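Reader: I've got this one open on my screen and I'd like a close look at a single part of it. Could you walk me through that part, and then show me how the rest is laid out?

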Amino acid sequence: MKITNALNLPQPFVDAATGDHRHVDKRYGATAILNGTREAILQRRHDDEITGDVADMVWAIFGTAVHGILEQGSESSSQIKENKLVVDLPNGYQLSGVFDLYDDATGTVTDYKTASVWKIKFGCREDWKPKAGTGQFDDWRKQTLIYCWMLRQIGFDARRGEIVALLKDHSKTKAKFNKHPPLPVWQIGWDFAAEDFAAIEAWIMEKFEEIDRCEQLPDEELPLCTEAERWARAGKYAVMKPGRKSAIRLYDSEEDAQARAEREGKGCYVQHRPGIDPKCMDYCSACEFCTYWQQAYGKEA
Ligand code: SF4
């Protein structure tokens with residue numbers, strides 16, 4: 001990635017944003033494969049052309065700084081810190097990953113995250129315990145499961161994943177009214193069973209088969225990232241009342257919205273709100289090379 005510095009921030013910011021990451025042929029990281037195959041390949045293929053500004057990368061720098069500080073702490077005799085693993089796969093590719101902490105006494109892989117309070121709010125009940133069925137923490141679960149699977153490949157009995165999330169936009173005042181979690185740090189964990197390891201192994205093999213099939217394809221023929229990978233939010237039908245800015249209610253179906261508007265009367269009408277892909281819009285560094293983004297969100301769209 002080419003780094004720009006529009007605000008002329010001090011050089012250490014530029015150095016931190018530049019990092020020393022280099023792509024290695026036929027090797028993909030655990031975090032890269034959690035993205036869509038199209039995104040993973042476009043990022044690698046266009047690495048020299050993708051531009052990012054230091055000012056836009058401060059949260060990534062903050063995350064790196066947090067990892068750096070926590071890495072300096074001392075570990076117990078059963079703990080291993082910040083270790084890079086590389087696992088050979090049957091199709092000639094390699095999976096790499098760097099976990100933050102592994103405790104062999106409990107078989108637990110811990111990963112530190114700098115996250116927004118919103119990530120926690122969307123996935124929790126009022127008591128700040130995870131709410132079932134939201135899928136809000138599936139990415140974190142999958143990442144720690146991959147690390148456990150990798151550790152198991154080299155003989156460790158890794159069987160639990162944990163995330164320690166540092167909430168960068170936490171407000172003490174909001175926490176007093178239970179609008180934010182009580183503290184600026186939040187934890188979640190999962191115990192993994194044999195079927196979880198079988199499922200993730202099958203998923204990893206399939207993912208690398210797909211990468212192998214797709215690496216030679218031109219950009220426009222790469223399989224489109226799935227809705228989940230694009231964090232897609234479906235379009236809605238809003239029932240609107242004249243003179244009021246916000247919707248009376250949002251509906252998934254146009255028919256339901258029309259019926260409600262008719263029941264309300266008083267000039268109520270239905271407004272279609274198109275679906276969006278937040279990942280494509282704001283969080284995919286390869287978006288300018290993606291035909292889907294060009295058509296949906298590019299300058300011509
Ligand atoms: S812009 Fe969206 S669809 Fe295209 S590569 Fe990025 S995440 Fe995938």
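Reader: Which backbone nitrogen does the side chain of D196 reach?

Author: That would be the backbone nitrogen of A193, which the side chain of D196 reaches at 2.8 Å. Keep in mind that you're looking at a predicted model.

Let's stay with D196 for a moment. You'll find D196 in helix α8, which covers residues 194-214. A193, whose backbone nitrogen the D196 side chain reaches, is not part of that 194-214 run. As for burial, D196 counts as buried because its relative accessibility is 17%, and the cut-off for buried is under 20%. If you skip the neighbours within four places in sequence, D196 is in contact with R141, L145 and D191.

Now zoom out to the chain. There are 301 residues in it, and 38% of them are buried, with D196 counting as buried too. Eleven helices and eleven strands make up the secondary structure count. Taken along the principal axes, the C-alpha atoms fill a box of roughly 70 × 50 × 50 Å. Look at contacts with a separation of 6 or more, and 64% of them turn out to be between residues 24 or more positions apart.

The chain splits into domain 1, residues 2-221, and domain 2, residues 236-296. Going by C-alpha atoms, the centres of domain 1 and domain 2 are 32 Å apart.

So where do the two domains meet? On the domain 1 side, ten residues are in contact with nine residues of domain 2. Between them, domain 1 and domain 2 bury about 770 Å², and carbon and sulfur atoms give 62% of that area. R38, E39 and I50 supply 47% of what domain 1 buries against domain 2, more than any other three residues.

E39 is worth a second look, since its side chain meets that of K279 in a salt bridge, at 2.8 Å from N to O. Across the interface of domain 1 and domain 2, one salt bridge is found. There are also four residue pairs in polar contact between domain 1 and domain 2. The side of domain 1 that touches domain 2 has five charged residues, three polar and two nonpolar.

Technical notes:
Residues are numbered from 1 along each chain as its sequence is written. This is a predicted model: local features need pLDDT of at least 70, side-chain atom pairs count only at pLDDT 80 or more; totals for chains, interfaces and linings use all residues. Side-chain values use heavy atoms; hydrogens and water are left out. Domain bounds come from an automatic or database domain assignment. Contact means heavy atoms within 4.5 Å. Buried area is the accessible area (1.4 Å probe) that two parts lose on being put together, summed over both. A salt bridge is a side-chain nitrogen of Lys or Arg within 4 Å of a carboxyl oxygen of Asp or Glu. A polar contact is a pair of N or O atoms within 3.5 Å; within protein, one must be able to donate a hydrogen and the other to accept it, and residues adjacent in sequence count only if both atoms are side-chain atoms. Ala, Val, Leu, Ile, Met, Phe, Trp, Tyr, Cys and Pro count as nonpolar, Asp, Glu, Lys and Arg as charged, and the others, Gly among them, as polar. Helices (H or I, at least four residues) and strands (E, at least two) are DSSP runs, numbered from the N terminus. Buried means under 20% relative accessible area, exposed over 50%, partly exposed in between (1.4 Å probe, protein chains only).
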